[in-house]
Every structure is written in C-alpha cells, then in structure tokens.
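Colleague: Before I use the labels on this model, I would like to hear the reasoning behind them. Take me through them one at a time.

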Amino acid sequence: MELSKRPPVFSLPSYSLTGDLIGFIRCGLQYRYTTIGQLPSSNPVQMWFGEFIHGVLEEAYRRYDWSRKQGTPDLPPWNESKLQEILDIIKRRLSAQKLFPYSQQLELIGDQRARISINELGPLLFPLIHRAEVRLKGARQLPVNQIPSQYFLREADRYEMVGVVDVVSHVE
C-alpha cells in the first residue's frame, strides 16, 4: 500500500546572485529560455572563457596564499612552467564539466590573457585579498505591492538569494 506524501506548506524560491540576477538583467528572454525553460546554450563560448579566466586567477591566488601561509610569499610574475601547470589544471577541470573552447584561437587568446592577468595583476591584487569566495545566503520579503493582483499566486512570502563573493579585502 502506498501512502501519499504531504506536500510542503510552501517552497521558498531561491535565486543565484550571479547566475539568475545577472542573467535576467542581461536579457530577460534569454533567462526565461535557459533557466526556466531549461534550454541548454547551443555554444557556451562565453561560459568557457569566463570560467577559464576565473579558474586560473583563483588557482593562482590559492598558490600564492598557500606560500604566504608557509611564511615564504611567492608573488608573481611566475615562470612559464608554473603558469602552464595552472592553465592545464583549469582546462582539465573545465573539460570534465564538458566545457571546451570554441576554437584553438579562442584557447590561445584565453591562455595569453590568463598569463598576463597572473603576472601583471597578480602582484598588485593578491596581497590585497583577505579571503576568496565567501558564500552568502539571505531571505527577503516578496514585494507584494508591486505584483498586479491578476498575477498574484504565491506559495511563499519570501524569496532567497544565494551567491558567492569572490574577493574580500581589508582595503577601504
């Protein structure tokens, strides 16, 4: 005999600060198709490029931070073999997520920008960073007075925003 499960009283809508908010601001229709309709992007070139640069800078910062905690801060500029090791690690991570550059030229541009970012921006930025990636989560009241009454159907009186702040610094 199967017993039915009691449905939740309400579900709290959850939105990502980076994915949902920025995607909706960029293009509401595209957000609707890819997020609500769950249509995959046909060619996620920008996704590869953005994830690649972000991953490279994050990995480079982690290496600097580890050396700093060991008492021997190793600030960039770094030699080619160390840079290539970081680039290869990030490319393997992205390929495991099925993210690939659209062309070899795009990959070369990404490599070049990543090397420049680490060697020229790293020495300036890394010492300013106190913490990388701080997870945030918070709930807010739904703006009931801004929703026309004919569209007003809700399961919850709040919504949740979640996200990650990438760089937290002590600099004021």
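Modeller: Start with helix length: the expected span of a helix is 1.5 Å times one less than its number of residues. This is a predicted model, and its protein chain averages a pLDDT of 82, with 81% of the residues at 70 or above.

Colleague: How do you know that the span of helix α5 agrees with its number of residues?

Modeller: Helix α5 covers residues 104-125, which is 22 residues, so 32 Å is expected at 1.5 Å a residue. The C-alpha atoms at its ends lie 29 Å apart, and that agrees. Helix α5 also has a kink of about 30°, centred on Ile-118.

Colleague: What is the order of the elements along the chain?

Modeller: From the N terminus the order is β-α-α-α-α-α-β-β, that is, five helices and three strands. Mean pLDDT is lowest in helix α1, residues 17-26, at 72, and highest in helix α4, residues 80-96, at 96.

Colleague: Why is Lys-91 called buried?

Modeller: The relative accessible area of Lys-91 is 18%, and buried means under 20%. Lys-91 is therefore buried.

Colleague: What makes the contact between Lys-91 and Glu-107 a salt bridge?

Modeller: A side-chain nitrogen of Lys or Arg has to be within 4 Å of a carboxyl oxygen of Asp or Glu. For Lys-91 and Glu-107 the closest N and O atoms are 2.9 Å apart, so the pair qualifies. Lys-91 is in helix α4 and Glu-107 in helix α5, 16 residues apart, and the pair links distant parts of the chain.

Colleague: Is Glu-107 buried or partly exposed?

Modeller: Partly exposed: Glu-107 has a relative accessible area of 24%, and the buried class ends at 20%.

Colleague: Which other residue forms a salt bridge with Lys-91?

Modeller: Asp-111 does, with the closest N and O atoms 3.0 Å apart. Asp-111 lies in helix α5 and Lys-91 in helix α4, so this pair ties together parts that are 20 residues apart in sequence.

Colleague: Why is Asp-111 called buried?

Modeller: Asp-111 has a relative accessible area of 8%, under the 20% limit, so the label holds. The buried residues of helix α5 include Asp-111, Leu-106, Gly-110 and Ile-118. Over the chain, 24% of the 172 residues count as buried.

Colleague: How do you know that Arg-63 and Glu-85 form a salt bridge?

Modeller: Their side chains meet at 3.4 Å, N to O, and the cut-off is 4 Å, so the pair counts. Arg-63 is in helix α3, residues 45-69, and Glu-85 is in helix α4, so the bridge ties together parts 22 residues apart in sequence. By this rule there are 11 salt bridges.

Colleague: Why is Glu-85 called partly exposed?

Modeller: Its relative accessible area is 41%. Partly exposed runs between 20% and 50%, so Glu-85 belongs there.

Colleague: Why does Leu-21 count as partly exposed?

Modeller: Leu-21, in helix α1, has 38% relative accessibility, which puts this residue between the 20% and 50% limits.

Colleague: What makes Leu-21 eligible for a nonpolar surface patch?

Modeller: Patch residues need over 30% relative accessible area, and Leu-21 has 38%. Leu-21, Ile-22, Phe-24 and Ile-25 form the patch, with about 400 Å² of accessible area together.

How values were computed:
Residues are numbered from 1 along each chain as its sequence is written. This is a predicted model: local features need pLDDT of at least 70, side-chain atom pairs count only at pLDDT 80 or more; totals for chains, interfaces and linings use all residues. Side-chain values use heavy atoms; hydrogens and water are left out. pLDDT is the predictor's confidence in each residue, from 0 to 100. Helices (H or I, at least four residues) and strands (E, at least two) are DSSP runs, numbered from the N terminus. Patches are made of residues with over 30% relative accessible area and no salt bridge: like charges are joined within 9 Å, nonpolar side chains (Val, Leu, Ile, Met, Phe, Trp, Tyr) within 5 Å. Accessible areas come from the Shrake-Rupley method with a 1.4 Å probe; for residues, only the protein chains shown count as cover. Buried means under 20% relative accessible area, exposed over 50%, partly exposed in between (1.4 Å probe, protein chains only). The bend at a residue is the angle between axes fitted to the seven residues ending there and the seven starting there.
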